[in-house]
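Reader: I'd like to learn how to read a model like this one. Could you walk me through it?

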Amino acid sequence: MNRTLLRVEQLTTVLEGGTRPLHPVDGVDLEIRRGETFALLGESGCGKSMTALSIMRLLPPVGRVAGGNVWLGESNLLDLPETAMRLERGGRVGMIFQEPMTSLNPVLNIGEQIAESVRLHDPGSLPRLRQRVTELLQAVGIPDPARRAGEYPHQLSGGMKQRVMIAIALAGRPELLIADEPTTALDVTIQAQVLGLLKSLQQQTGMAILLITHDLGIVAEMADRVAVMYAGQIVETAPVAEFFGRDGHPYSRKLFDSLPGQEKRAARLAVIRGSVPSLASDFPGCRFAERCDRVMARCRGEAPGWRVTGPGRGMRCHLAETPWEAAVELSGRAGPGIAPAAPDVATAQSDRHGEQLSVEGLRVHFPIRQGVLRRTVGHVRAVDGVSFEIPPGRTLALVGESGCGKTTVGKGVLQLIRPSEGSVRFGADELTRLTGAALRRRRSLLQIIFQDPFSSMNPRMLVGDIIAEGMRAQGVGETPAGRRERVRQLLTQVGLDAGAAERYPHEFSGGQRQRICVARALAVQPRLIVCDEPTSALDVSVQAQILNLLGDLQRELGLSYLFITHNLSVVAYLAHEVAVMYLGRIVERGTVEEVLQAPRHPYTRALLSAVPVVDPEGRREVIRLEGDMPSPSDPPTGCHFHPRCPEAEPACAGSYPRVTRLSATHCVSCLRVGGAGAD
Amino acid sequence: MQPLVILWTDALIFLLLAGALGFGFYASRREHLRAPWRFVIRSRVGLGTLVVLSFYLLIGLLDSVHFHPPADPAGRDGGTLHSSEVISLFDHLVSGLRSRQEKTYSAPLATHLYAKETIELADGSTVRDYPRLEYGGAHLADPERDWLWSVLGLSLIGILKGLALSLVLGNLLLIFLTLRRGCSFEFVAREVLGGRCAIPWRTGLFVLTLLLVLGMWSAELASKFHLLGTDKVGEDVFYQALKSIRTGLLIGTLTTLVMLPAAILLGIMAGYFRGWVDDLIQYLYTTLNSIPGVLLIAAAILMLQIYMSNHAEEFNSLVERADLRLLFLCLILGVTSWTGLCRLLRGEALKLREVDYVQAATAFGVGHFQIITRHILPNVLHIVLITVVLDFSGLVLAEAVLSYVNIGVDPTMNSWGNMINSARLEMAREPVVWWSLAAAMIFMFTLVLSANLFSDVVRDAFDPRLRSSR
């Protein structure tokens, strides 16, 4: 027992202020041993962050801890006076947050911010404060730490800021580091860097990490033990190896099944119906009962207690009482969840008569203006010569890190941003040359679904009006009554109640809103939809619902998608072709098998290797990319990727490599693949 | 000659009222607009200040219905003859206050003038003393002995009347609530008086009672005395202060009416279209902003004065002249004050044009005008509303300052600014005449304070950032 560092007993937190008090944390027990990584997994709104904040006693003003104990070593954190607690925060317990952008003070240089923490929590290092700051920066892998200490947060990239946050947390030599979604705001390659850093720091200092995340991949790669949280309770605890290996709580199982991936391509994803219940409601029975497909009569009436199911394992489910074999039988891993769907390629083939989108040499340059006369002193080359085609009924996934210009490509295709150069043809029309009314008429062909379901609908309009807006503008459906009828159809088609038309967007959850956005796009009968990260703001289970919907629509209507994403497992699940972008250019393009199975460009390989994978056998050696993506206003000479490329040769700095065709569909821009001779 | 006179400002204020009622009707059917107003009504400060403001509004509106009063002798050929004088409905209601003019200064509730005069006694000898007022306390036989009792008696009657009136109104409210909710009168009464309703009726009733008692009390006293004294030419100061309410309200609201179209249109256009439109509008308001406002106002008012003296025949009465000047002041204040809101709206429109739903509308081929009216305008309305309510009190104060430097409303028009302006000399005089200034201060202070408190509540209700923390 002396290896236990943190023991949380029956922690209950209440948030007052609403019409009814919420219970975001409702009787949570957990135990973290020294030196281990403990992952707290769950969808948003399940109380993960509130648990961490309750442990740190950093609850918002409306919140209070209603009961329970938090033992850190020998002291009960909930009984400490505030002055003593202040020493613990940042001292024995460090914390890093999701948003490194807002966690640093923009007017102090980072050296001072780290020094502040050292002064407070590590008085032993005071005589050599500067040296200690440099050490800390070195420890988190910031190159040239002595100079960097004098820089301000805005001079650092997101990944660097998160490293500084970690350095601040390390300054107090913590025994426990609480990391609340530390990499959610970062790109995969940067995420791999930060996760690697956390791991190596843990090995050096022996601290324990409480890792809060919603990403099963991160859990699989980082954690020793995992607890699954659902609606304010921990529903399952297990060592990671067993957690992914054997049957557990139905909720955890469903989470695995709803993860998209290549092996599930031909089928619909398993979905958890509905969404996380409100934490204000009373739960007479199991909290998951409404969404569980193995629900029994007993689940609705009687709340399941905690049952130990093995060494270090336990869960909160009535099924835990049934013998394991029977449970396995019942669940049937590949059973009802994954229903085979009609092969999509055949449908797509039959729909060839439609129109094809072809983009040739698309460039979007934003001028940088300076001085009184606003003269153009340079250009941000957001998109710099991108070409691709999307045949009808197919999906092209555009993959890349943030800032590589994927969204700009999408908006350039839709003429929401007018391209500086290049052509966008859809069917017979050259969209870049159309203006005014002519362009407005063609707009119904191409539609867009945005990433953020909260900002993509006017909060002042009824859902029905939102959907009907495009129809009115495009003259689809002559009479208001006809349009209302069509709105009802569309809502049913995307799986919502037809009565939704009479309500406001804020009454819907994220997933439902995204469905409304799909319905809105469908209202004008488009042939191609640009999906700009449509699922990245959603939870895994809801993501599966939307991906299924998009898949169904493609099969039924023969839509084409330009799918912009950074999530490679989504790509593997639903794309036909993939284009990988780096700094405004496509570096590799091909069918999904070609690119994901046999990537040729070093960047593609690095990107693929950085994605955390659940399945231990599917794991690749992570290719660590150094540094961050350069600015598109001043791209490196030669191959844009060569400063970060692990396989770079001197020649790479010379000129941008030509496109090399490896097969009819697969092409790569890399000197090492194309061989010499590129000019 | 028409008995009813519609002055420019009257027309505009009733137009504004109609507009406000129309907006109220529009908002009542839209949940996102109704919810913040519900919040305003449900806050105690909101309801309390609303009652105070509606008293001011009532007086202002009564004072905005102008007509020619019938001349005293009935017409010889059957029809009534109308005098050329223009008075308002309010003047008509308080005609006692208007007509009872003394010679010069008299203190509040005084029975004698504030200045000594040579009085001829019955026996022909003269004596220098404070003469009795013609109207103030004229009913008293012996002012020294009866004054206190008279004042106390009148106060008592006034307070009792006020209480009785508020009792009636309170019961009417309870009956209304009973009918609406369909439960027993007793239950509703207990809910309301216990403060257990969603809407703080108790606070509302309390403020209403307070105002009614105060109102009836002053009405009683003012019927026999000069409640707040008289000014240099012997006019009742209480009457002046009440008349000034309309001026204050007009300046506060009409100016907004003038500035809103320019601010909204230009602000949204600048933010939405960017490019040269933005440059043009920005230069326009930056230039306008760098001219001192007082200078512009002085120039405009002087120009108007010259015009009026050259075209004296176009104005039928003094009231019309003063009215035109007031309107002009509103216009010019509007011209100088739209830039702030315009800048705010430009920033908001810059942000909104990049928001996904505007982009989505563009992707549908929705026209610019539609995007502005359907997507941008409804989403900046809360800013407009907050600015309007916040600006109101500032404008009321601005009027006082401008009148003080003689470029405000017409000197013949009753306004708090003019009262303060004349107080400049009164304060320098020995003994000091303080009541003009005090009266103007009390009335202005109450209005501005309640407007400020009310605007605080409105801002809290409409500001989306504050809404989440509630």
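Author: Sure, starting with helices: these are DSSP runs of H or I with at least four residues, while strands are E runs of at least two, and both are numbered from the N terminus. Here, W149(B) sits in helix α6 of chain B, residues 143-181. Two ground rules: this is a predicted model, where local features need pLDDT of at least 70, side-chain atom pairs count only at pLDDT 80 or more, and totals for chains, interfaces and linings use all residues. Residues are numbered from 1 along each chain as its sequence is written, chains are lettered from A and ligands numbered from 1 in the order in which they are written, and side-chain values use heavy atoms, with hydrogens and water left out.

Reader: Is W149(B) buried or exposed?

Author: Buried means under 20% relative accessible area, exposed over 50%, and partly exposed in between (1.4 Å probe, protein chains only). W149(B) counts as exposed because its relative accessibility is 64%.

Reader: Now the chains. How many residues does each one bring to the contact between chain B and chain A?

Author: Contact means heavy atoms within 4.5 Å. Chain B brings 21 residues and chain A brings 26.

Reader: What area is buried between chain B and chain A?

Author: Buried area is the accessible area (1.4 Å probe) that two parts lose on being put together, summed over both. For chain B and chain A that's about 2200 Å², with carbon and sulfur atoms giving 52%. On the chain B side, D356(B), F364(B) and R374(B) supply 33% of the area buried against chain A, more than any other three residues.

Reader: And how many salt bridges are there between chain B and chain A?

Author: Look for a side-chain nitrogen of Lys or Arg within 4 Å of a carboxyl oxygen of Asp or Glu. There is one between these chains: R374(B) pairs with E469(A), their closest N and O atoms being 3.8 Å apart.

Reader: Which elements of chain B give two or more residues to that side?

Author: They are α2 (31-42), α13 (356-363) and α14 (368-404) of chain B. Of these, α13(B) gives the most, with seven residues.

Reader: How is chain A divided into domains?

Author: Domain bounds come from an automatic or database domain assignment. Chain A has domain 1 (1-92 + 174-335), domain 2 (106-171) and domain 3 (345-674). Between domain 1 and domain 2 of chain A, the buried area is about 1100 Å², 71% of it from carbon and sulfur atoms, and the salt bridge count is zero.
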